[in-house]
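Reader: Before I rely on words such as contact and pocket, I would like to see the reasoning behind them. Could you take me through it step by step?

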Amino acid sequence: MNPSLIIANWKSNKTLSEVEDWLEKFSPNYNSINKTIIICPSFTLLSEVKSYLENKKLKIELGGQNISQFENGEYTGEVNAAQIKDFANYVLVGHSERRKNFEETNQILDQKINLVKKYGLIPIFCIQGKDTYIPKGVGIVAYEPIFAIGTGNSDTPKNANEVGLAIKRKGYEKFLYGGSINSQNVASFTSMPSIDGVLVGRASLDPVEFGKIIKLA
Ligand code: PEP
């Protein structure tokens, strides 16, 4: 059986002092047995979280929440692949909030995946349904139906599993579910045969709740 992959997407939340508090509260609850944990903080927090994890020797990976579609140069405000690679091995691409609020098109997502691969990062590519376009080079696919994001109304484990089977049939390596996951419902998703892990938004902001999710996943 593949180890579960559990990803925290903190979105545009947390200041430096809030992150220090989260890490202090999370560490005692953390149990890494056979699970890969990836935290995706805002870019401004990556350095702090990386140092903390290294000092405490915690086997937790880091991910970016986004990546510029451009390499270095005159792109004010952008964070490029090489810069992310200094801190993280993973990066989220194609999140519905970026598609909606920042008008990310399939063409932009293709450019992003090309740079992710070029700089040796691992993409976690978010899809909103089983027919969402997936660029070449993606191995980890996260199904995040829009109705389930931040609403408290998750998809059903059965339906998520069916999407997972369809995605796996296309040859993708890992399939994750995301959308209103919490400690109450996580096991019902990770017990499904096609689901290799979960992407957690709101519930990952609470260190104790996130610790529980990891244990129950
Ligand atoms: C997300 O947006 O990636 C997500 C999974 O959010 P939530 O858990 O809050 O639904």
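Author: What follows concerns the ligand and the pockets of a predicted model.

Reader: What makes the pair formed by histidine 95 and the ligand a polar contact?

Author: A polar side-chain atom of histidine 95 lies 2.8 Å from an oxygen atom of the ligand, and because the cut-off for such a pair of N or O atoms is within 3.5 Å, the pair counts as a polar contact. A backbone N or O atom of serine 180 also lies 2.8 Å from a ligand oxygen, and for a polar side-chain atom of asparagine 9 the distance to an oxygen atom of the ligand is 3.4 Å, so this pair too falls within 3.5 Å. Taken alone the ligand exposes 290 Å², of which the protein buries 98%.

Reader: How do you know which pocket holds the ligand?

Author: The space taken by the ligand is the second largest pocket; a molecule is assigned in this way if more than half of its atoms lie within 2 Å of the grid points, so the ligand is said to sit there. This pocket has a volume of about 250 Å³, and among the residues nearest its centre are Gly150, Ser180 and Gly201.

Reader: Why is the lining of the largest pocket described as 4 nonpolar, 7 polar and 3 charged residues?

Author: The division follows residue type, and because Asp, Glu, Lys and Arg count as charged, Lys11 and Arg98, both among the residues closest to the centre of the largest pocket, belong to the charged group.

Methods: Residues are numbered from 1 along each chain as its sequence is written. This is a predicted model: local features need pLDDT of at least 70, side-chain atom pairs count only at pLDDT 80 or more; totals for chains, interfaces and linings use all residues. Side-chain values use heavy atoms; hydrogens and water are left out. A polar contact is a pair of N or O atoms within 3.5 Å; within protein, one must be able to donate a hydrogen and the other to accept it, and residues adjacent in sequence count only if both atoms are side-chain atoms. Accessible areas come from the Shrake-Rupley method with a 1.4 Å probe; for residues, only the protein chains shown count as cover. On a 1 Å grid over the protein atoms alone, a cavity is a set of points where a 1.4 Å probe fits but cannot get out, and a pocket is an open set with protein on both sides within 12 Å along at least five of seven lines; lining residues have an atom within 4 Å of a point. Grid points are joined across faces, edges and corners, and a volume is the space filled by probe spheres set on the points.
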